[in-house]
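Student: I have a new model open and want to learn how its descriptions are justified. Can we go through them together?

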Amino acid sequence: MKRRAFLAVGATSAAAALLPKSLAVAAAAPGKKGVMLMNRLGPSSCDLYIANADGSNERRLLANPGFDYHAAFTPDGRSVIFTSEREGAGNAGVHRARVDGTGVEPLVTGPAVDDVGALSPDGSTLAFVSTRGDHRAHIWLLDLRTRALRNLTDSPVVAGDPAGPDCHFRPAWSPDGRWIAFSSDRNTVWRGHDNGVGWEHTQELSIYAIRPDGTGFRRVATRPEYCLGSPKWSPDGRRIVFYEIATEDTYDAHSTNPQVRSQIVSVDFATGADRVEHTSGPNLKLAPQYLSDTEIGYLVKGGDDEGLAYVSGTVPAVRRALRSPCWSPDGTSVIYEKPDFTPRPFDTPLYSWDPDWEYRFCDSFPVLSAQGRLAYTDKFTGTSSIITANPDGSDRRVAFDPAGKIPDPGFSPGAYRPAWSPDGAWIACGLGSWFTQDAPANTVIRVRSDGSAWEKLTDGTSNAGFPSYSPDGRRLVYRVWSEWDKGLRVLDLRTREIRAITDDYDNLPDWSPDGQLIVFTRRTAGANFDVYTIRPDGTGLRCLTDSGANDAHAVWNHDGRLLYSSGMYGFREEACLSDNTFQPYGQIFSMNADGSDKRMLTDSLTEDSMPLYIPQKFLRGKKRS
């Protein structure tokens, strides 16, 4: 399943006129500059459950749940280490609770991702994944007595090629506490799916081990063109078990209904040899764990067999929608999570990484007119119509309903990426199928902002979309995307003359407020995309990014800076463990118009995108407490 099939998820059958009950951006708190709206592809909530190993006696784990996931029993079985977003939606921190669900306490919190905690056998040290420091996922250690923190994998011996993903995941202590095993994509390259040409990236992991003092680093297991993840130790410490999946399949593994297969494999820790495949056949199998010397439990993700399974076959499988299982030290109990992907309501508060602005959730492609009116595409909460409203929620309207107006709807049809005319009278947008190259019927249209009329601006012979107005309102820039016609086009709205300013794989143009530049995304090589600017006359082409991890979807901010999405700091988690997302490593950044002063604006485990800053002067609604 590729991106266009993914995009069908989230649409509902409700009529376009059925708007959300609440469509109001509340004013930010006193002292704040305003609100940043943004989109997030990930669960809207998640709860932990505990049950017997056979699935019986299921119940919520925590007495006071709060967006919790990635649990692990402590070695004595009395407590649970887990990740929680209690400090704010999107901000992952490591917490601990008693196994009866009481006594929740934070262990590691802060603005970075802190995730997947594992307690040492003697209970003195917490190993966990964190993006603190250089924003890449590393294995960190916390001394629970002194509270001292140390980055275990930030050393010249461990460091891989910084041009690649180069991150580390899923730490697991050996039973004697002398080693920590983990997975890593160090010294791999950014590679797109579909054999390197797809927009989203695959992931290739190997299994490594290191001593807690940072010595003894070595690779335990690898397989070319495969991803090996989530290592766990046998009770005697002699073997390491992990899942193994073809690298090409790691993208589909985090789709809405994965149809790929993986196997559960173990090797001898000392030699990396004596390879044993414990499973065979279909199904995506993840999260293996030794329950005894002879039994291994694991997760079947997706499909008819989804749930818990056991390699021996003597323990009955548990057919249940769940994620991230972990079994108690004696193998009698299991804790897992149940994520919920119900779309967040408009204006739901999110964790803010900027003290001057409050972050809130919005649907797709939000944009503010010069007069202070909001427009967006209701992709995940409606029918991909263009919705307008005052930011305080008043005067809500469906400016354009695409139903019945697309000749060949294809995958995920709709009206996408609205753009206001400077006078606020018109909204331009694309009409057709989202991000689908083989859709020549896609057209650029403009609609009266009051919804009273609309017209096509392109003739449908080329896939056209993503328009943006010039500041004087006389021209539109848009992209065409097909095998025979590609690049950016400028349309004169008075004469209807069309002029090409690029002829490459370019997308998502946005005209600067001063009219001097157009920012856009260009496919530079294979699956690599970068942010460029060009003058409206086609001169002055300039590349602003070069991370190799898809820098894209740039828009101009009200202060003249550029906002864009990037995976430049690598994956935040093993890709196969994510759900319903395209680029789980994608975060929001800003930079100057010349590409300088790049700043990270989000640091989450989910795909964050489509930012829009709304200054406080436009927010007349009731302030949040």
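Tutor: Gladly. Keep in mind that this is a predicted model. Ask away.

Student: What makes the chain as compact as a globular protein of its length?

Tutor: Start with the make-up: two helices and 48 strands. Now set the value against the rule. The radius of gyration is 25 Å, and the globule rule gives 25 Å for 625 residues, so the chain is as compact as a globular protein of that length. The C-alpha trace spans about 80 × 50 × 45 Å along its principal axes.

Student: How much of the chain is buried, and what is the cut-off?

Tutor: Buried means under 20% relative accessible area. Of the 625 residues, 60% count as buried. Contacts add to the picture. Take those with a separation of 6 or more: 50% of them come from residues 24 or more positions apart.

Student: Why is strand 14 called largely enclosed?

Tutor: Count its residues. Strand 14 covers residues 206-210, and five of the five are buried, so the rest of the structure largely encloses it.

Student: Which way do the residues of strand 14 point?

Tutor: Ser206, Tyr208 and Ile210 point one way. Ile207 and Ala209 point the other way. All are buried. The general pattern is that side chains in a regular strand alternate between the two faces of the sheet.

Student: How do you know that strand 14 pairs with strand 13?

Tutor: Pairing needs at least two bridges. Strand 13 (residues 180-184) and strand 14 are joined by five, and they run antiparallel. One such pair is Ile180 with its bridge partner Ile210 in strand 14.

Student: And what joins strand 14 to strand 15?

Tutor: Three bridges, again against a cut-off of at least two. Strand 15 covers residues 218-221, and the two strands run antiparallel. Ile207 stands opposite Ala221 in strand 15.

Student: What makes strand 20 and strand 23 edge strands?

Tutor: The open sheet has four strands in the order 20-21-22-23, with antiparallel pairing. Strand 20 (284-290) and strand 23 (318-319) each pair on one side only, and that is what an edge strand does. Further in, strand 21 (residues 296-301) and strand 22 (residues 307-310) pair over four bridges. There, Tyr298 stands opposite Ala309 in strand 22.

Student: Which other open sheet can I look at, and how is it ordered?

Tutor: Try the four strands in the order 26-27-1-48, where the pairing is mixed. The edges are strand 26 (349-350) and strand 48 (607-615). Strand 1 (residues 34-41) and strand 48 pair in the antiparallel sense over seven bridges. Arg40 has Asp608 of strand 48 as its bridge partner.

Student: What makes the phi of Ala287 worth a remark?

Tutor: Most residues other than glycine have a negative phi. Ala287 has a positive value, near 50 degrees. Ala287 is found in strand 20.

Student: Why is Ala287 called buried?

Tutor: The cut-off is under 20%. Ala287 is at 16% relative accessibility, so it counts as buried.

Student: Where is Arg417, and what is its phi?

Tutor: Arg417 is in strand 32 (residues 413-420). Its phi is near 55 degrees, a positive value in a residue other than glycine. Arg417 has a relative accessible area of 6%, so it too is buried.

Student: How do you know that Ser384 is buried?

Tutor: Its relative accessibility is 2%, so Ser384 counts as buried. Ser384 is found in the loop between strand 29 (374-377) and strand 30 (386-389). Leaving out residues up to four places away in sequence, Ser384 touches several others, including Thr377, Asp378, Pro402, Gly414 and Trp434.

Student: What makes a space in the structure a cavity, and how many are there?

Tutor: A 1.4 Å probe fits in a cavity but cannot get out. A search of the whole structure finds four of 30 Å³ or more. The largest holds about 320 Å³ of space.

Student: Which residues line the largest cavity?

Tutor: There are 22, and Pro43, His70, Leu577, Ser578 and Leu605 lie nearest its centre. Strand 4 (68-73), strand 24 (323-327) and strand 25 (333-340) each supply at least two residues of the lining. By type, the lining divides into 10 nonpolar, six polar and six charged residues.

Note on methods:
Residues numbered from 1 in each chain as written. Predicted model: local features only at pLDDT ≥ 70, side-chain atom pairs only at ≥ 80, totals over all residues. Heavy atoms only, no water. Buried < 20%, exposed > 50% of the residue type's maximum accessible area, 1.4 Å probe, protein only. 1 Å grid on protein atoms, 1.4 Å probe; cavity = no way out; pocket = protein on both sides within 12 Å on 5 of 7 lines; lining within 4 Å. Points joined across faces, edges and corners; volume = space filled by probe spheres on them. Nonpolar A, V, L, I, M, F, W, Y, C, P; charged D, E, K, R; others polar. Rg over C-alpha atoms; globule rule 2.2 N^0.38 Å. Contact = heavy atoms within 4.5 Å.
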